[in-house]
Structures are given as structure tokens and as C-alpha cells.
Protein chains: 2
Amino acid sequence: MMNFNMIRINMADLTVSPELLSEAYQGLGGRGLTSAVVSREVPPRCSPLGARNKLVFAPGLLGGTRCPNSGRISVGAKSPLTQTIKESNSGGQAGQYLARLGIGALVVEGLPEDDGALYLLHVDLEGARLIPADELRGYGNYDTAKWVREKYGDKIALVSIGPAGEHKMTSASVAFTDREFRPTRHAGRGGMGAVMGSKGLKAIVIDPSGSKKVPLVDADGFKRAATKFAKILAGHPVTGDAIPKYGTPYLINVINEAGALPTRNYREGNFEGAEKISGETLREIIKARKGILAHGCMTGCIIRCSAIYMDSEGAYLTKRPEYETLCLWGSNCGIDDPDAIARIDRACDDLGVDTIETGSAVAVAMEGNLIPFGDADGAERLMDEMRRLTPLGRILLSGAEASGKAFGVRRVPAVKGQAMAGYDPRALKGYGATYALSTMGADHTAGITLAPNLMGPVFGLESKGQAELSMNVQIKTAALLDTTGICLFANGPINQNPEALAAVVDMINAMHGLNYTPEDLDKMGRRILSMERDFNKRAGFTSVHDRLPDFFLHEPLPPHNTVFDVPDTDLDEVWKSQ
Amino acid sequence: MMNFNMIRINMADLTVSPELLSEAYQGLGGRGLTSAVVSREVPPRCSPLGARNKLVFAPGLLGGTRCPNSGRISVGAKSPLTQTIKESNSGGQAGQYLARLGIGALVVEGLPEDDGALYLLHVDLEGARLIPADELRGYGNYDTAKWVREKYGDKIALVSIGPAGEHKMTSASVAFTDREFRPTRHAGRGGMGAVMGSKGLKAIVIDPSGSKKVPLVDADGFKRAATKFAKILAGHPVTGDAIPKYGTPYLINVINEAGALPTRNYREGNFEGAEKISGETLREIIKARKGILAHGCMTGCIIRCSAIYMDSEGAYLTKRPEYETLCLWGSNCGIDDPDAIARIDRACDDLGVDTIETGSAVAVAMEGNLIPFGDADGAERLMDEMRRLTPLGRILLSGAEASGKAFGVRRVPAVKGQAMAGYDPRALKGYGATYALSTMGADHTAGITLAPNLMGPVFGLESKGQAELSMNVQIKTAALLDTTGICLFANGPINQNPEALAAVVDMINAMHGLNYTPEDLDKMGRRILSMERDFNKRAGFTSVHDRLPDFFLHEPLPPHNTVFDVPDTDLDEVWKSQ
């Protein structure tokens, strides 16, 4: 074992300080750890791009183990997009490698004295060091990966920002390489890339050479629980069938069927072009072009939601665009051209931006008559404006709310400054409750209510019970997924099957020699949410901010012609009872 | 007397409804009345550009009388810039004329069904009517005034928005014509022009023909008090000498001397080019070009702060730029060319935008390296981008905070989303307290602490007593100035001289047959502020928002090298004790 498991990186004096996780942080990983550090160490009113913000990277509690799909990495800071606390997590190799190096967290602090300087952080078994990296200025994530691979090989994980992060755009993501060293996995939400850019940190290279297996207190117990968990995932209709087959795009038809597919800036819940961008259609395209139909983004993935999307010449273009990308840049812009969306996806990955925030910004701009809905060529031109960081591009890169300001549009689908994802809250009201209640702004991943909203007991068109449902899911998500590093796709099994939940608890216990019960994990989830909410309160947020924009309350959504009518009292009650 | 004194204008069905001021609104005028209507009738969480916001115009309680300088008009709504309640007031003729027509308030409600339609509201003794005005689309305020003058003559007052308001830019102002029918007086702050634009209201023509003198219960008593008040104004060194001679630009040298002149985006408190843009220099320029040295913007003005600024050919260019314009577009951009600033002032008036918000936005963009500090030509080019409503122009028109986002700048001098005025809060800390505490965002006019900060007892560099000082001035300002319609320049006399205060109270009593004491007006001021603060609370604001951006707390300002260190507890205490 190394004698440190946290490394502080001070960008002001360019020093690195390995230390042991302090008591307050022990027993936490992933979001639990990033939120604990931000909550304790970052002044809630500080400027997110200033010296007092901190950027924290943390693998999950089960990171580096053979627990299936447990390699996610959390990125946390105060968000320049929402001004709230923020955690955004990603797949790719970084989480596994950091965990195998025994590192629980990297904490990036301060600002470089030379405002324009860029650095690369190199992390290995010896610790970490900062290396000047001005030559990477302006590099897209793909070129950065190429440069890094030439210098360091590809038996490493790369964490990087693109030009959007360098320019501190609030939609900027942090990119993570997958197993083929492609920067296609992103901590997309909340502008974590802008915080990394403000700190002059262009890239992190994580070299796991020489690292040993992650120590397990009870290796046999762990293996038993992991095997059980793997079986449950493989046997579940979503993680065992729909996702491996179609990836997240399986949702296009599902959500369209539910009348909740955001279409033309949340004006309709059905998109006439849904079939053309559906998971089924994409599968045919990938097959015809000899792409890869099932691909895991990280070691230990048994779901393999990803796929490789080729262009019409059969050359690699990008990973298969995710559901949210197909929705926010597709149906919500009235666009039904999967190739155009795939090219945009590639461009977003390269520039280093959230496809949800930028797609939503483009739809808002369409509503402001910048270009017509459905204009795929126009959307690609706007993507190009973003790549070139023109003034127009900068408006869009500043997100949906900023675009609403610039184009005088009042229908902006955002909560706490962050654009909603691909579920209209008037037809899937559990998502509406999550958008409203999440400590992170309109973040669907904070509490996915898909199964109960589609199949009961709390159907999506009902208003009753949604807030409570959302909060229950949020508690489980915070502890059992975001803190363990287990991929969000396990949310169905974990929420529906007590055995899946028990298996996760068993793995934590077997790994760390603990005696947690499911109730303890429930308590941990509540504690994480409370900590985050307390930060937000100190940053000036009140229950008044736990609301959707008022057009969702007044403008009925076709085809169901419902509005979001979960009562404010329900929304407030679930926090009060925490 | 007419049988109405409030007119509601419903833009959704294009009807007007005259009515009597309801009991809740009686005895109020100006800001007191606009804030009462917004507070009672506008849902605090509504979209400022949506159907549920209301735009209220109200002359002051003493409007239309011979009380000197009492013709200001208040414009109120929920602000799209700050999301708070907002009142912004202006000189010009509209306040006097509305008051003479017996109209206490115009309340503009709803949104037109045809999103793009434009209307002109015509108000006279008969009431009001809406007239389609699509032909005015895209007109600057000067061309609108020309068009209106040709159609309606110039014995009227015009209220209008320029293209910025039509496009709902959050820096858009509402323009008011002066006595020469020039649209040079503006309710500049908080985007009231955007609200007017969202309602499709391009212009209001107020025709006072046939109106009688405003009725006074005790005409002799009124005259006595008015004469006394006029004498006090004429005898005060600021209102009787400095302002009539140099206008507000007299402050350039004063504030520079105090080390508080915002320079290069609030990096310094002294500007090496101050002399070139000082009131003294401007006076010489105006003299040499045969401009007008002292000019009143409204009937009944005895201070005559205004002047007419000619171009180098001796032709009318604009009114003399105000101090805030010379500072925000001048020293704070490092610009010392008064002609460039005057051309920008003209362009801002024509486009219909706040010179503070746009000037601050340009300085933020300069900090983001868009153009260098001191580049006057570049600043004029940026002004041109705004006039042409290009994407770059739209960023700047969205204000300082939006520009900070677009250019990745963290040093944004704004509170509650609104840019600060021309007083650095680190050297004149009373202004800092006002910026922090005002219900309107960083609005210097809410509580001007100049005299006590310069001459004691609460000197500008001290931290103690500033919050209390600011709040006392804010209370007086809300009732005795903003609600009566008396020009802000009376703030010195009213704050320093109990006789001035008594004269104002006497005028109110003599006019309305009341028996108010100064204490009653103090209570009224507190009531107005509480009402506004309550609206903001319901809109989601807490004491956490009553703070300055953190760089003012950490970055010392040359030459005094002080930071803003008024304790949070002081800031919170003054509200608690209300």
C-alpha cells in the first residue's frame, strides 16, 4: 500500500501533496467523496472559475474491483453553469486505474499565476507531477489523445478538456478515454470542463503500471456477491437485452410512445421522425456499415451499452450517439438525420462539451428564429460556430439559459440554470420531480423514474407520488450507484430487486470489512443529498429554486395535453422529511 | 376629474380597462406604486418575458405639480436581468403629463397572440387605445420620435423602446422624450425595455391636451413648501452649483480623487485619463462647440443637470453623457476620448440600452481579451455590433454577467445579475453596501452614500456603519424621492437638511390633504423596501444574495489597497431590524 490515497494539486505554486484521506472522507468514494470535499472545503459563494473553487476526481468505492460495471469516475466542484454543488460522472478507464493506484481522490486547487498557462498532470504509482503543456493549447480531445498516446503509450487513461474547457465555457465537459483510447466518455454536465480550464489543467495522464489488484478483506465473499450481481444484470430485460442490443437509443421509441420525447424545444411529446433516429434504425446502420454493435467503454463492463458508429464510407466516426444526444440534438431540434447527429456527437466530444446543454441551446436558438427547426445543415453550421469559438458559438456554448437571453426566448427548459434531459416532465412527471429536486439542476441521472413511470405504480401522467418516488430513487442513486462507481444502468435492478441491492452492499462489506445493511446505505444516500443541499443553501438556493420553468405548468404538452402539476407542497415535503 | 386613475392594458386581447386605484394602491405613486402592483399581482417565479409579468408606469405622488424637479416616472416589473422586482425611473416629460391627465398608473399585462406584432398605446384625457404599429419595427428611438412627431406633433410625451427592447435584450431601456422631444432620458436599469418588447409595445404617446392643473387641497401651503424646497436646492453646493455647472460628470474628478473610479474592469480606482473625460473638460468642449451648457430634461426642473453635446462640426450629437456613462464606457474601459463616449451615448439612446450594463459588459469582454482596454475605436465597433444585433452584439446586450460567461471571465462586477455603477465598493464602501442590499441588484440610485462617505461621518474606506448608513438612505430614497417623483439629485439636501425633508412632507400633505410626519414617510420607505424584499424572497432570493462578488473581498484596489470588508453580519442585521 502507498502511504497516501488523496493527492492535492495546487495550481498556484504548482506543487502536489499526497496525503491520507482525512477521517471525514473515509468510507466514501465517487460522488459521496467529491461532494464531501466540495461541501467542506469550497466557500459556497465563491466564483466557480476562481481560486477558491476545487475540482475533485474520485473513483467509486468499488472502483478497480471485479464488480461488474463499477469503474465510473466522479468529477465534482461548484458549477459555473448552475452555481450549485455539482457531480458529473463518466465511464472510461480513468476510474479503474485511479482505484488500482490506490488513489481515492485528486483535488485540484487554486489558479495558476500565469492565467494562460496549461499543464498536464501525470499520475502513477509514485504519485503525481505537473508538466507544462502549452503545446496542447487549442487541441481537440482527439488530437490531445493522439499526442498523449505518442508520448505515453496507450496503456494509460487520459482525462482531458477540449477548447471549450480551455475557454471556460459553461457547457464544457471533461473527457475520458475508453479502452481503445478514444475520448468518447464525458463527465458532461455542469461545466466541469470550464473549472478544469480555469485551473489551467489541460489533461491528466493516469498510468497504472505496476499497480496491484485492489485489496479485498473477504475475497471469496466479494466474488460471490459480484457473480450474483452480474447474473442479475444479465437477466434483467433492460441491462440484459435492450441496452446491449440498442444502447441508450432504445429509449427513442419508448419515450416517444410515452408522448414524452422532447420535440422542437419541448413543444410536443411525439416526434414524427423518431423512427429515423431510433435505436433500431441505428443498429441497422451500424450493421450495414460494419461498425461494432456492442462495445464496453470500460474494463469490467458486462452491459456493453456502447457501439461504434461508422460514417457512410465505413470509417470510424464516433461512438453511437447516446439517447440524450439523439433527443436534444435530434427530436428537440426537429432533426431526424442520424448521420448529422453522429457528426455533431463527434464534434462535441472533440470540442469537449455536453451534448445535452448544447443541443438544448440550439433548440432555444431555433425558437428564437436563428435557424428553423429541422434544419440539420444549419445545426451542423452552429456546431461549427462552436468549434471555432465565434461569438455565436460562445452564446450556444454558454448553454440553454444564456441562449435564451441572447435570443430573447422565454421558453427555456432549464432548472437552476441547467438544461433538462430527454424526458418531458409533463408526460413523465417523475423526471419532472427529479429535475426540480435534484441538487444538481435539471439532471435526469440524479433520479431515473422510468420503470415506475411507464409500468406503475406511479404512472408518468399522474401527479401524485412523483416527488416521493423521485426522492427515493435519488437516495439510492447517490449511495449505491454514484458513490460505488457502479454504472447508472444498474438503477433498474437496484431499484426493483432487493437481491441486487443486497449484492452491492455485500460487495462493499466484503471489500472494506464492513457490516453495512441496506438501511445504512439508505442513510448514506440521505447524508450525501443533505450535504449537497446544505451547500446549495449556503450558496443561496431555497425551495423556490426546486421548481420547473413556469411554461411547463401552464402550457399543455401534446399528445396527452397535460401540464406539470406535481404540487409544490409535495416537492417541499420530501426535503423536509429528510 | 376623470372617473379613473389607473389604466390596465391587456396585450392578449388588446383591450384597455380604466379603473380606480384600488384601496391597496391609494396614497402611493412612483416606485411605491409600481412595486405594490408588481408585488401583489405578479407571480414571483414567473418568466419576466412571459404573459404573467406586468409592466407598470407610474408618475410620482408630487408629479404634475410645481414642486421643483418632481416629474420623474417609475417603470416597474419583474426584471429579466436580475429576476428580482425592479423599478427604474426617468426624467423627461411623460411623468408630468401622465400626472396632469390624472393617471396614477398604466399597467401593461399579457402577451400579444401574434408574437411579432407591435403596438403603440395612445393616452389622452379620454383614456387609452392600442394602435397597430408594425411599421415602427426596427426603428431606433430617434427615428421613432421623428415618426411620432410627424403624426402627433410634439406637444406630447413619447415613451418608446429601440431595437434592443424589441429583441428582448436584458440591457434594454425604456426611453422618454425630453422637452425638445429627444429620446435622451431612460429608465435604463434591469431590462424594462425587454419587458415592454415582450409585450409588443413599441411606444406610448401621452397627449396632455385639455388637462387641467393637478388639484391641490391646500394650494397656498403647497406653494410655500415648494418655494422653500426650491430655495434649499438652489442653495446647496451640489444641486445649486456643481450639477448645474458640470452635470453629473462633476463626479469624475471627485470619485477619481477618492480612488474609487472604476478603471479597467474594476482593477484600479484611479484613471490616468480622468481629466480628459471630466465635467470640467466636457464643459469646455461644449462651450467651444456652442452647445447648451445647462438644460433641464423636464418641465419644472430648476437644477438643469443636463447639457447638449455637439459633435466637432457643431451639430447636435447627444445630451452630455452622464457620469455613469463616462465611467462605465470611459475609465472602466480605459477610454479617455469624450467624443467617442458621446457617440456611444447617442447610439445607446437610439438602440435603447442601459449605458451602465453595456459599458460594463464591454469592460468584461476586454478582460476576456476581445479587444484591449483603452481601444476606443474597438469599443465603437462593439457598439456597432450591438446596433446590428449580431451574435457578438447580443452577448454584450445581455449584460456584464452574460458577457462574463461568454468570454470565460470570472471578475464580473455584478450583484443579483446587474452590473455595478461608477463607484468601486472597496473605496466607497457605502455604495458597496447599497449594491449588496438593494432589492434591485447593484443599483447605486437605491442608496447614494456620497456625502457621508466623502466627508464623514462614515468615511468610504471604513467598514463600520456602512450597512446602516446605506439602509437609512435607501429608506429615504424609496419614499421621498422614488415615490414622490422628485429627482434623485435632491438626495443630498433631503438626507442632510431636515428642512428639505419637511418641505417635501408639507407638499405631500398640502396636495393630498394629509397629515403625514417625517416619521410616516420613514415608515412608508420601510414598507416599500419590505414589500420588494418579500417579492424577492418569494422569487428565491436570500441574504446570501446580498453579497458582492468575491473578488471585491479578496483583491485589494489601488491606490488605497483596500478590500470590501463590511461584515456579512452588518449586511444582514439591517434587514433583520426592518
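## A hairpin in chain A

Let's start with one pair of residues in this predicted model: A:His122 has A:Arg129 of β8(A) as its bridge partner. The pairing belongs to two strands of chain A, β7 (residues 119-124) and β8 (residues 127-132), which run antiparallel and share six bridges. Between β7(A) and β8(A) lies a hairpin connection of two residues.

## Chain A as a whole

Stepping back, chain A holds 23 helices and 17 strands. Its C-alpha trace spans about 60 × 50 × 50 Å along the principal axes. Chain A has 578 residues, and 65% of them count as buried.

How do the contacts in chain A spread along the sequence? If we take contacts between residues at least 6 apart in sequence, 72% of them link residues at least 24 apart.

## Helix α21 of chain B

Over in chain B, helix α21 (residues 518-538) is worth a look. This helix has 21 residues and covers 30 Å from first C-alpha to last, close to the 30 Å expected at 1.5 Å a residue.

Which residues of α21(B) are buried? They are B:Leu521, B:Met524, B:Gly525, B:Ile528, B:Leu529, B:Glu532, B:Arg533, B:Phe535 and B:Asn536. Around the helix axis they take up an arc of only 165°, so they sit on the same side of α21(B). Their packing partners in chain B are α1 (30-41), β5 (85-90), α18 (466-482), α20 (498-512) and α23 (568-576). After α21(B) comes B:Gly540, with a positive phi near 105°.

## Where the two chains meet

Now for the contact between the chains: chain A contributes 29 residues and chain B contributes 30 residues. On the side of chain A that touches chain B, α14 (391-397) and α15 (400-406) of chain A each supply at least two residues. The most comes from α14(A), with four residues. By residue class, this side of chain A comprises 12 nonpolar, nine polar and eight charged residues.

## How the copies are related

What rotation superposes chain A on chain B? A turn of 180°, with 0.0 Å of shift along its axis, does so with an RMSD of 0.0 Å. The two copies are therefore related as by a two-fold rotation axis.

In chain A, A:Pro391 has the C-alpha nearest the axis, 2.9 Å from it. Both copies use the same surface, as 100% of the contact residues of chain A recur in chain B.

Definitions and conventions. Residues numbered from 1 in each chain as written. Chains lettered and ligands numbered in written order. Predicted model: local features only at pLDDT ≥ 70, side-chain atom pairs only at ≥ 80, totals over all residues. Contact = placed C-beta atoms within 7 Å. Nonpolar A, V, L, I, M, F, W, Y, C, P; charged D, E, K, R; others polar. Least-squares fit on C-alpha atoms with pLDDT ≥ 70 in both. Pairing = 2+ DSSP bridges. Buried ≥ 20, exposed ≤ 12 C-beta atoms within 10 Å, placed from the backbone. Expected span 1.5 Å × (residues − 1). Arc of directions from axis to C-beta.
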